[in-house]
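Grab a pencil and work through these short exercises. Try each task yourself before you read its solution.

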Amino acid sequence: MSVPRLVVAAPSSGSGKTTVATGLMAAFAARGLAVSPHKVGPDYIDPGYHALATGRVGRNLDAYLCGPELVAPLFLHGARGCDLAVVEGVMGLYDGAAGQGELASTAHVAKLLGAPVVLVVDASSQSRSVAALVHGFASWDPEVRVGGVILNKVGSDRHEALLREALESAGVPVLGVLRRAAPVATPSRHLGLVPVAERQGDAVEAVAAMAALVADGCDLEALEALARSAGAVPGGSAPWTPGFPPIHPSRPAEKAPSGASGARPTETAPEAPAPVVALAGGPAFTFSYAEHAELLTAAGAEVVTFDPLRDEQLPDGTAGLVVGGGFPEVYAGELSANEPLRKAIGELARSGAPVAAECAGLLYLCRELDGQPMCGVLDATARMTERLTLGYRDAVAVGDSVLAPAGTRMRGHEFHRTVVEPGAGAAPAWGVTAPARRVEGFVQQGVHASYLHTHWASEPGVARRFVERCRTS
């Protein structure tokens, strides 16, 4: 299967990947192309800007969380029916999971997709040296095809001329030159860019500015031609699908006795109604992989999104609750003030209904966050700290839970500046085996709460198990 595609990479973080990738997505979409947006790694924030640029769900491609074998199928799932795909890289081109070589790096994902790379270089403090830098990145791994360079933060016409002259010897074409431009700046805070859901009109203006900057400074025809030069995705991969075999929880069909004459036709038992799974959203809970909702739906659930900042009750008929990541620490006051919803969540959890909470969801289920009352489901407190906890984790389920049986191995990712005390309950959620051995998280009744973000596509039985518990709890 062939989808025209580009990977936007850089020598290091802060070079302008998000500006260029988002601007390219929006500029191509403005030309009438259906653009599929993707992000390498576990980042949740950039895909929100990608979705705004393209009108399609931004999707992650993470070779660590999902395994290299799922990268191409997940890409093809997201790119189905699109004219072109743009994949934004993570960190520097060759930076992968710590101590794991190229695993989960932008270069690794580019090779798995057979996609040409466009290198975004911050040229603000160099001239002739840019040629050595680009040559090094283009020649480091012969399997990575660097098809062009976009020079960012170029100061003047003279500066541009010096850069172009130097790059003539590097053998990598210049596909764009972007000048310094304040309107494309997006505000950041303790965990990166401020999510789209919190900026609304400002985010729309920022994406429009990125699109204008890229359209004005880049050769879109040459970039599209480079994307179309990518052949079929390697390995003959088929698109990933969230489908499951049908579940029939109601009574089995009645059958006629063997050998009976004049037997009645087989009767089909009526389908049980789909259990409602409430999915937290809104500005406080913006971190969620699109595949999670798709897997829950495929497993037979009706997924209904609600906003804990504004909705005072859970969706009607809620049988299970999923609260992913986000920034509850920013909205602690408003979340605490919504006492009716906090009480409703507490009652749902105490009833034994399935509740899955990750990171921000864990904080929300605590007794308090930075002194503000939260849902009180967990006998724990949470608070902000100055210390950043960041990195991939290898984990194993310590005991049975609504998500997985004991012994299930999954990979996760931590990214927070908060601490929960205690860090684990009497029944922990996970035993973390790497980078250091410890237990963390909470399992009690139907609740599974943890700091670890996981990608359910790597273990789709998680969604099915959760929905089955929603039917029976």
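Arg438 is partly exposed, at 33% relative accessibility. Keep that in mind for the first exercise, and remember that you're looking at a predicted model.

**Exercise 1.** Find the salt bridge between Arg438 and Glu414, and work out which parts of the chain the pair ties together.

*Solution.*
- Step 1: look at the side chains of Arg438 and Glu414, which meet at 2.5 Å, N to O. The cut-off for a salt bridge is 4 Å, so this pair counts.
- Step 2: place the partners. Arg438 sits in strand β19 and Glu414 in strand β17, so the bridge ties together parts 24 residues apart in sequence.
- Step 3: check the surroundings. Glu414 has 3% relative accessibility and counts as buried, whereas Arg438, at 33%, is partly exposed.

**Exercise 2.** Do the same for Glu291 and Arg59: where does each one lie, and is each buried or exposed?

*Solution.*
- Step 1: the two side chains form a salt bridge, at 3.2 Å from N to O.
- Step 2: Glu291 belongs to helix α10 (residues 290–298) and Arg59 to strand β3 (residues 59–61), so the pair links parts that are 232 residues apart in sequence.
- Step 3: buried means under 20% relative accessible area. Glu291, at 1%, is therefore buried, and so is Arg59, at 10%.

By the way, the structure has 20 salt bridges. Asp157, Glu160, Arg164 and Arg179 are even joined in a network of them.

**Exercise 3.** Which bond joins Glu421 to Pro422, and which one joins Ala434 to Pro435?

*Solution.*
- Step 1: recall that most peptide bonds are trans.
- Step 2: read omega. For Glu421 and Pro422 it is about -5°, and the bond is cis. For Ala434 and Pro435 it is about 10°, and that bond is cis too.
- Step 3: locate the prolines. Pro422 is in the loop between β17 (409–421) and β18 (430–434), while Pro435 is in the loop between β18 and β19 (438–440).

**Exercise 4.** How many disulfides does the structure hold, and what is the situation of Cys366?

*Solution.*
- Step 1: a disulfide needs two cysteine sulfur atoms within 2.5 Å.
- Step 2: the structure holds zero disulfides. For Cys366, the nearest cysteine sulfur belongs to Cys375, 9.6 Å away.
- Step 3: Cys366 has 0% relative accessibility, so it counts as buried.

Definitions and conventions. Residues numbered from 1 in each chain as written. Predicted model: local features only at pLDDT ≥ 70, side-chain atom pairs only at ≥ 80, totals over all residues. Heavy atoms only, no water. Buried < 20%, exposed > 50% of the residue type's maximum accessible area, 1.4 Å probe, protein only. Helix = DSSP H or I, 4+ residues; strand = E, 2+ residues; numbered from the N terminus.
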